[in-house]
Amino acid sequence: MIAKIVLLFLAFIAVLAMFGKLRIPGAKRLASAKCKKCGRYRIGKGPCPCTGKVR
């Protein structure tokens, strides 16, 4: 009985590992949408506010 539980647990962990290896579609595009200077997400096509005029 314990061997069954251990095998099911290991199979469950293996399935989780397979799903963890999958890439999220669009992750590359999201990474490129971040500002390289401050790390915030840029919205739209314009420059990041951190590179704009000094306030």
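Let's start with disulfides: this predicted model holds zero of them. A disulfide is a covalent bond between the sulfur atoms of two cysteines. To count as one here, a pair of cysteine sulfur atoms must lie within 2.5 Å. The table shows how two of the cysteines fare against that cut-off.

| Cysteine | Closest cysteine sulfur | Sulfur-sulfur distance |
|---|---|---|
| Cys-38 | in Cys-48 | 3.7 Å |
| Cys-48 | in Cys-50 | 3.5 Å |

Why does Cys-38 not form a bond with Cys-48? Their sulfurs are 3.7 Å apart, which is too far for a bond. Cys-48 has its closest cysteine sulfur in Cys-50, but 3.5 Å is again too far for a bond.

Are these two cysteines buried or exposed? Cys-38 is partly exposed, with a relative accessible area of 37%, while Cys-48 counts as buried at 6% relative accessibility.

Stepping back to the whole chain, 4% of its 55 residues count as buried. The chain exposes about 5700 Å², and carbon and sulfur atoms supply 70% of that area. As for its fold, you will find two helices and zero strands.

Helix H1 covers residues 2-21, and Phe-9 is found in it. Phe-9 also belongs to a nonpolar patch on the surface. Its partners there are Ile-2, Val-6, Leu-7, Leu-10, Phe-12, Ile-13 and Leu-16. Together, the residues of this patch have about 820 Å² of accessible area.

Notes
Residues are numbered from 1 along each chain as its sequence is written. This is a predicted model: local features need pLDDT of at least 70, side-chain atom pairs count only at pLDDT 80 or more; totals for chains, interfaces and linings use all residues. Side-chain values use heavy atoms; hydrogens and water are left out. Patches are made of residues with over 30% relative accessible area and no salt bridge: like charges are joined within 9 Å, nonpolar side chains (Val, Leu, Ile, Met, Phe, Trp, Tyr) within 5 Å. Accessible areas come from the Shrake-Rupley method with a 1.4 Å probe; for residues, only the protein chains shown count as cover. A salt bridge is a side-chain nitrogen of Lys or Arg within 4 Å of a carboxyl oxygen of Asp or Glu. Helices (H or I, at least four residues) and strands (E, at least two) are DSSP runs, numbered from the N terminus. Buried means under 20% relative accessible area, exposed over 50%, partly exposed in between (1.4 Å probe, protein chains only).
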